[in-house]
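Colleague: Hi, could you walk me through this one? I'd like to go from the overall arrangement down to single residues.

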2 protein chains.
Amino acid sequence: MLEKMFNPESVAVIGASHVKGKVGRAVLDNLLNGYEGKIYPINPKSLEIEGLKCYKTVLEVPGPIDLAVIVIPSKLVPQAVRECGEKGIKYLVIISAGFKEVGVEGARLENEVKDIARSFNMRIVGPNCLGILNTHTKCNASFAKKMPPAGNVSIITQSGALGTAILDWSDATDVGFDCFVSLGNKSDLNEIDFMEAWKNDDNTKVILAYLEGITDGRRFIDVAREVSKTKPVIVVKSGRTSAGARAVSSHTGSLAGSDAAYDSAFMQSGVIRAETMSEFYDMAGGFCCQPVPRGDRVAIITNAGGPGIMATDACERFGLRLATLSKETVDALKTTLPPAASFYNPVDVLGDASPHLYKFALETVLKDEGVDGILVLATPQAMTDPVAIAEVIGEAKKTTDKPILPCFVGGLVMDEGVAVLKRHGIYNYDDPSRVAYTMRMMTRYQKIRQRVYVEPRRFDVDREKVRKIIDNSRNMGITVLGLEALPVLEAYGIPTLKYRIATSVNDAMQAAREIGYPIVMKIVSPDIIHKSDVGGVKVGISNDEELENAYNKMMKDVTLAAPRCRISGVLIQQMATGGKEVILGMNKDPQFGPLIMFGLGGIYVEVLKDVQFRIAPLNEKDAYGMIYGIKTHQMLEGTRGEKPSDIEKLVEFLERLSQLVTDFPDILEMDINPVKVYEKGRGCLALDVRLAISPK
Amino acid sequence: MLEKMFNPESVAVIGASHVKGKVGRAVLDNLLNGYEGKIYPINPKSLEIEGLKCYKTVLEVPGPIDLAVIVIPSKLVPQAVRECGEKGIKYLVIISAGFKEVGVEGARLENEVKDIARSFNMRIVGPNCLGILNTHTKCNASFAKKMPPAGNVSIITQSGALGTAILDWSDATDVGFDCFVSLGNKSDLNEIDFMEAWKNDDNTKVILAYLEGITDGRRFIDVAREVSKTKPVIVVKSGRTSAGARAVSSHTGSLAGSDAAYDSAFMQSGVIRAETMSEFYDMAGGFCCQPVPRGDRVAIITNAGGPGIMATDACERFGLRLATLSKETVDALKTTLPPAASFYNPVDVLGDASPHLYKFALETVLKDEGVDGILVLATPQAMTDPVAIAEVIGEAKKTTDKPILPCFVGGLVMDEGVAVLKRHGIYNYDDPSRVAYTMRMMTRYQKIRQRVYVEPRRFDVDREKVRKIIDNSRNMGITVLGLEALPVLEAYGIPTLKYRIATSVNDAMQAAREIGYPIVMKIVSPDIIHKSDVGGVKVGISNDEELENAYNKMMKDVTLAAPRCRISGVLIQQMATGGKEVILGMNKDPQFGPLIMFGLGGIYVEVLKDVQFRIAPLNEKDAYGMIYGIKTHQMLEGTRGEKPSDIEKLVEFLERLSQLVTDFPDILEMDINPVKVYEKGRGCLALDVRLAISPK
C-alpha cells in the first residue's frame with residue numbers, strides 16, 4: 001500500500017517552473033537531483049524546463065504517470081486534480097496552500113478536491129504541505145532544501161517547519177531517513193495511513209511522528225497497536241486541546257483535562273510519547289542504530305567518577321536497574337584494569353585509560369549474562385583519545401546484540417570522536433541523563449513489543465432495558481439522569497444496594513420497612529447535581545419517625561436551595577457500612593470516544609487528582625492497569641493490617657462500564673460515585689450514579 | 001579574599017618539567033600561554049626549562065612568590081609545602097594525586113600537608129585536582145588542555161573530568177568563563193570559600209558548581225543565601241548519599257531519603273539545582289548573557305506554528321505565564337504583519353517572514369509593558385535567513401533590559417545563525433522545551449534575588465527541664481524516649497492533652513478519674529516503637545470497669561508480643577476528638593544537621609509520602625512554606641465547606657520544634673505523631689512523641 005507513492009516510476013510536477021526561488025522550481029530541482037524515474041514538468045506556459053520537455057497538462061504526457069506533485073495556485077487545483085484522475089494517476093502530493101487553513105472558502109475548495117480525487121480513487125497527501133520524499137528511491141517530491149542522509153527512520157510531520165528542522169537535524173547528526181511525509185491539511189491520507197504503510201516496509205526500522213491532532217482516534221489505536229509490535233512508534237503530540245469547549249458537568253470530565261485521552265491512547269497502543277524535541281531526537285538516534293535491549297539491567301563504563309555518578313543517578317531516576325556484574329566479570333576486570341579502577345558497576349577505567357583498556361572493559365562487560373545494555377561514558381581528560389574510543393565502540397557493536405549507547409561529554413575535543421561514531425552509524429549523547437533516558441525508553445519498548453493484546457470480555461447484559469431508560473428519558477426531555485439511572489447499572493451487572501424510589505412520605509416509609517432500617521434517603525431530581533449541597537442526602541435514618549422528619553425537612557431545604565428544580569421523589573436506600581470509596585467515570589473524548597476513569601473517592605480525587613484514564617473498550621489488563629496505576633493503590637491492597645479490597649470485582653465493574661458506554665454512544669458523560677469496594681471476595685456496590693445522554 | 005590566588009604577580013611550578021606529556025610541563029605551557037606575571041619553574045634536576053631559569057627549591061627564588069602549583073609525587077609534597085611556607089607563599093594549588101583518595105596512608109599524608117600549611121597560614125586548593133585558572137589574568141595554573149574563552153561565569157567542580165568536559169563545552173559554545181577551580185580532595189579550600197570569594201567579584205556574574213558533597217552544611221547555607229542575592233548560584237549535586245548508613249527508627253528518618261537535605265538546603269539558600277548537564281549548561285548560557293526578567297510573563301515570536309505550540313506547552317508545563325499582549329501591541333502588529341499571521345501570543349510571523357518582519361515583531365513586543373521576557377523561535381524554512389534573524393536579535397538585545405532567548409531549531413542550516421548569535425554573546429537553545437525551561441529558571445532567580453531573610457523567632461522556653469530529662473534518661477541508659485518525653489514538648493510550648501503516667505491499675509483509675517472519662521490508655525516502654533502493633537493502645541475507655549479490663553489485657557498482650565520489653569507504666573490521656581492529624585518530625589542529616597519534616601498523618605505520609613523538609617533553624621516563612629508545600633495542603637485550608645485548620649499555630653509548633661532540636665544537638669531523631677490540628681483559633685495538640693538521643 002502506498003508503495004508507488006514513495007517508489008514511482010514517473011512523476012509529474014504540475015506547476016513546474018524555471019524561476020529560481022519558486023516552489024515549482026525547487027521541487028523539480030529536488031527530483032532532478034538523483035531520482036531515476038521519468039520526470040514530466042507540467043506548465044502551459046513553457047515548452048521545456050531544465051532540459052525536460054514540458055507539457056500543458058498531464059493529459060498530454062505520452063506514458064503513464066504514478067505520482068503528481070501539485071504546486072499551482074489553489075483555485076486551479078480542482079481542474080488539475082480532475083485531469084490527473086482522467087490520466088489515471090493514483091497518487092497526488094498537493095503542496096499548494098490556500099485551502100482549509102485560510103477559512104471557509106478554502107475549506108470548500110478542499111472538499112471539492114477531495115470529492116474529485118475520491119471519484120477517481122486517487123489518494124492525496126496535503127494540501128498545504130512540504131511534500132514527501134524517499135531517500136532510497138531518491139524521489140524527493142518536496143521543496144525541502146536538501147535530501148537527508150539515507151537511513152531507516154521514517155517520519156510523519158504535521159508541521160512543515162518542524163519537518164524542515166528535523167531534516168536539518170538529520171543532516172547534522174547523520175541519523176538517516178527512509179521516508180519523510182509532510183501531512184499538511186490531511187484532506188485524505190493521514191498519520192494512520194503512513195504508519196500502516198510502513199508497518200511491513202523493511203527499510204523503515206523506526207517511525208517518528210510530530211502530530212498536533214489525530215484524525216481517527218479509534219483507528220489510530222488499532223493500527224498503532226499492531227505497528228508498535230514490529231517497530232517503535234515515537235510521537236511528539238503538541239497542543240493541548242482546549243478544555244471547556246463543551247460545558248463539563250461531571251468529575252470525570254473536569255479531571256480528564258487536555259491530554260488524558262492522548263496519553264491513554266498512546267499508552268494503550270504502545271506508542272512512545274516524547275515530551276520535548278530533545279527526547280524525540282534522542283530516541284530516534286537510539287532506536288535507529290541500536291538493538292532493543294532484552295531487559296533493563298544496565299552497565300556503565302566510564303573514565304571518570306563524576307559522569308559515572310550522574311549516569312547512575314539518572315538510571316535510578318528513570319527506573320533502570322544497575323546490573324550486578326557477575327563474579328567472573330569482576331575477576332576478569334581485575335586482571336587488567338589498574339588497581340585504583342572500579343571493578344563494579346559503574347566500571348571506572350580511570351582518567352588515563354587507553355582505548356585498549358576501554359576495549360577490554362567493554363568486551364568483558366558485554367559477555368556478562370546479567371547485563372542487557374551498556375552506557376559508555378568518556379570525558380576529555382589529558383590522556384583521552386576520543387577517536388580511538390569511538391572505534392572501540394564501533395567495533396564492539398558489530399559483535400553483539402546488546403545496545404551500547406555512547407555518551408561523549410564535552411565539546412570541541414570530543415567532536416572528532418563523535419564523527420567516528422557517526423561513521424559507524426552510532427548516535428552520541430552528550431549528557432549522562434539523556435543517554436540513560438534513551439536506554440530507559442528502549443527497555444520500555446522491549447516490553448511493548450512483547451505485549452499480547454487480549455480482546456475485551458463481553459458480559460451477558462440486559463441491553464434492551466438500558467435502551468428503554470435512555471429513550472424514555474430523552475422523550476421526557478431529560479438528558480441528565482441521577483439516581484433514577486441505577487437500573488442502567490443493574491442491567492449491566494453493576495449491583496447497587498437495595499433501594500426503592502418513593503414519591504410520598506408514606507411510600508417512603510413503606511419502602512424503608514421493606515428494605516429494613518437503618519436507611520439513607522436521597523433526593524431524586526434531574527436538576528440537582530450535588531445533592532448534599534442542597535440538603536438532599538440524609539444518612540442513618542433508623543425509624544419511621546426519623547424518616548418522616550427527615551422527609552419533610554429535605555423537601556423544605558431542597559425547595560429553598562433550588563426553587564425551580566423538578567423533584568421526582570426520594571430514593572430510599574439500604575445503609576452502606578464499611579468498604580472503601582472509589583469513583584468510576586466516563587467522559588467522551590472528541591477524538592477517541594469514551595474515556596474511562598478510575599480513582600479513589602473523596603480527597604484523593606478532589607485534591608490529589610490521583611486518577612487513571614483508559615480509552616474504552618477496556619480489556620482486563622487495561623482495568624488492572626488503571627487500578628494499580630493510581631499512586632494510592634496500596635489503599636486497596638491493604639495497609640497496616642487491613643485486608644485487601646475486592647480488586648477482581650472492581651476490574652469487572654470497569655469492564656462492564658466499558659461495555660455499557662461502548663454499547664451506548666448516546667451516553668456522553670458518567671460518574672459512578674461512590675462505588676463501595678469491600679474486602680476481597682465480598683464484591684463492590686455502586687451507591688450513586690449520574691449520567692448525561694445526548695438529546696434527541 | 002583569594003584575590004592573589006587568581007591574580008598572582010608570580011607563580012612557582014614545583015615539579016615543572018620539560019618532558020612533553022608530563023603534567024609539570026602542561027602546567028608550565030599553560031602559564032606561558034598568556035600569563036604576564038613571573039613564572040618560576042622549580043625542579044632540582046634542571047637548570048632551565050622552556051627558556052626560564054629553573055630553581056632547586058622555592059627558597060632559592062630571589063623575589064616573592066604569590067602562588068605555587070605543586071605537581072610532584074605525593075610523598076615529596078610535605079617537604080615542598082614546608083618550603084613554600086618558609087618562603088612566605090600564601091596560596092598553593094596541589095595537583096598531585098596519591099592522598100586521601102588512595103586510602104589510609106594517603107589520608108595521613110594529606111593531614112600532614114594540611115597541618116604544615118595551617119602553621120604557615122597558607123591556603124590550599126586540592127590535592128588531587130586539575131588546578132585553577134582565570135581567563136582575565138590568563139593565569140592558567142592547571143593542566144587543562146586549553147584556556148576557555150573569557151567571560152563572566154565562574155565554576156567550581158568536584159570532578160576534574162567533568163571540569164574538562166565543561167571547559168570543552170565552553171569552547172564549543174563560546175560561553176565564557178572568569179575563574180575555574182577544580183576542588184580535588186578539598187583538604188582546605190572548598191566550594192563555600194570560592195562562592196564567598198566571588199560574591200563581590202565584578203567579573204563573575206554567574207556561579208556554577210558541580211558537587212558530589214558539601215563540606216560544611218551550615219556555612220554553605222549561610223554563605224549561599226548571601227551570594228545568591230547578588231548572582232545566581234547553579235549547582236549540579238550528584239551522588240545520592242547512601243541511606244541506611246545509620247539505622248533509622250523514625251518515620252522522619254525513613255522519609256528523608258537520600259536527597260531531602262540537599263534539596264532543602266538549596267531551596268532555603270536560593271541555590272538553583274540542575275538535575276542534568278543539559279539543564280546546567282542551559283542555565284549557564286542564559287544567565288551569562290541575558291538580564292534577569294522582572295516577572296514571568298513570556299511572549300513567543302515564531303515563524304511556524306509547530307514550534308510555537310511546543311514552546312507554549314513547555315511554558316505551561318514549567319509554570320510560566322503566556323503574556324497577554326496589549327491592544328496597542330496587537331494593533332501595531334496588525335499594521336505590518338501579513339493578515340494570515342497570528343497577532344496574539346505566540347506571535348506567528350509565518351514561514352516566509354523576512355528578517356525585517358522579525359525585527360518589527362520583536363521591537364513591538366519588547367515595548368509591551370505586560371511582557372517580561374521573549375522567546376524568539378526560528379525554523380529553517382525555504383525563505384528563512386538565520387544569519388539576518390540572529391543579527392536582529394543581537395541588535396534588539398542592546399536596546400532592552402528584558403531577556404530575549406533565541407531558539408533556532410534545526411541543524412546545519414541554522415548553524416550560521418547560531419554562530420552570529422555567539423558573536424553577539426548570545427547562547428542559543430535548539431529545543432523549545434529547553435528555552436522555556438531556562439526562562440522559567442530565570443524568573444525563579446528573580447524571586448530568589450528579592451527574598452528577604454528573616455531571623456528565626458526565639459520563644460521563651462524551659463530549657464533546663466529538657467536538659468534534665470535528657471540527662472536522666474541517658475544516665476539510665478535510655479536513648480529512645482516515647483510518651484515519657486511529652487514533658488520535653490511542654491517545656492518548649494508544644495501542648496498536649498491532659499495525661500498522667502500510672503504504674504498500677506489503681507493508679508491508672510485514679511488518673512482517669514482526675515482527667516475525666518473517656519480516656520485513652522497507652523503503654524509506656526522505651527523498647528516499643530509501634531505501640532498499637534503489640535496491643536499497647538486502647539481508646540475510648542469510659543469507666544473504671546472498662547479501664548481495669550483494658551489494663552489487664554494490655555499487660556498480657558504486650559508481654560506476650562514483646563516479652564523482653566521494659567514497661568514503665570501506662571499513660572492515661574484525655575480522649576482527643578475532632579481535628580486533623582499531622583506529623584512533625586526531625587532527622588539529623590550528617591551534612592546539614594537537624595532536618596525538620598511536616599506532613600499530614602496516616603495514609604498521606606505512609607503511602608503518598610507527601611511531606612516537606614527544611615533545615616533548622618526555621619523562620620516563619622520556612623514553616624509556612626512547609627505547610628503549603630505539601631500536595632494536600634488544601635486539606636488544612638478547608639475543603640467542601642469545612643472550616644480551615646489552625647495553620648498559624650501549626651507554624652508556631654514547627655518553629656518551636658526547630659528551636660528545641662537546635663538547642664539540643666543531643667536529639668538525633670524525633671517524631672511528634674500525631675499532632676491534632678483543630679479549627680483556626682483552636683490550636684494544636686501533640687498526642688504522641690518519640691525521640692532518640694545520643695548515648696552518653
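Modeller: Sure, we can take the chains, then the domains, then a few local details. This is a predicted model, in which local features need pLDDT of at least 70, side-chain atom pairs count only at pLDDT 80 or more, and totals for chains, interfaces and linings use all residues. Residues are numbered from 1 along each chain as its sequence is written, chains are lettered from A and ligands numbered from 1 in the order in which they are written, and side-chain values use heavy atoms, with hydrogens and water left out.

Colleague: What rotation superposes chain B on chain A?

Modeller: A rotation of 180 degrees with 0.0 Å of shift along its axis, giving an RMSD of 0.1 Å. The two copies are thus related as by a two-fold rotation axis. The fit is by least squares on the C-alpha atoms of residues with pLDDT of at least 70 in both.

Colleague: And through what surface do the copies meet?

Modeller: Through the same surface, because 100% of the interface residues of chain B are also interface residues in chain A. Chain B and chain A put 58 residues each into the contact, where contact means heavy atoms within 4.5 Å.

Colleague: How much area is buried there?

Modeller: About 4700 Å² between chain B and chain A, with carbon and sulfur atoms giving 61% of that. Buried area here is the accessible area (1.4 Å probe) that two parts lose on being put together, summed over both. Lys145(B), Asp168(B) and Met310(B) supply 12% of what chain B buries against chain A, more than any other three residues.

Colleague: How many salt bridges link chain B and chain A?

Modeller: Two, counting a side-chain nitrogen of Lys or Arg within 4 Å of a carboxyl oxygen of Asp or Glu. Arg317(A) forms a salt bridge with Glu275(B), and their closest N and O atoms are 3.2 Å apart. Over all chains, the structure holds 88 salt bridges.

Colleague: Let's switch to domains. How is chain A divided?

Modeller: Into domain 1 (1-130), domain 2 (148-289), domain 3 (290-448), domain 4 (498-575) and domain 5 (580-693). Those bounds come from an automatic or database domain assignment.

Colleague: How far apart are the C-alpha centres of domain 2 and domain 5 of chain A?

Modeller: They lie 29 Å apart. The contact takes 22 residues from domain 2 of chain A and 26 residues from domain 5 of chain A. About 2000 Å² is buried between these two domains, 57% of it from carbon and sulfur atoms. The salt bridge count between domain 2 and domain 5 of chain A is zero.

Colleague: Which salt bridge does Arg225(A) make?

Modeller: Arg225(A) pairs with Asp222(A), at 3.1 Å from N to O. They are three residues apart in helix H7 of chain A, so about one helical turn separates them. Helices (H or I, at least four residues) and strands (E, at least two) are DSSP runs, numbered from the N terminus.

Colleague: Last topic, the backbone. Which peptide bonds are cis in chain B?

Modeller: Two examples are Asn345(B) to Pro346(B), with omega near 0 degrees, and Ala616(B) to Pro617(B), also with omega near 0 degrees. Pro346(B) is in the loop between helix H12 (327-336) and strand S17 (347-348) of chain B. Pro617(B) sits in the loop between strand S27 (611-615) and helix H22 (620-629) of chain B.

Colleague: And what is the phi of Asn121(A)?

Modeller: Positive, about 65 degrees, although Asn121(A) is not a glycine. Asn121(A) is in the loop between helix H4 (104-119) and strand S7 (123-125) of chain A.
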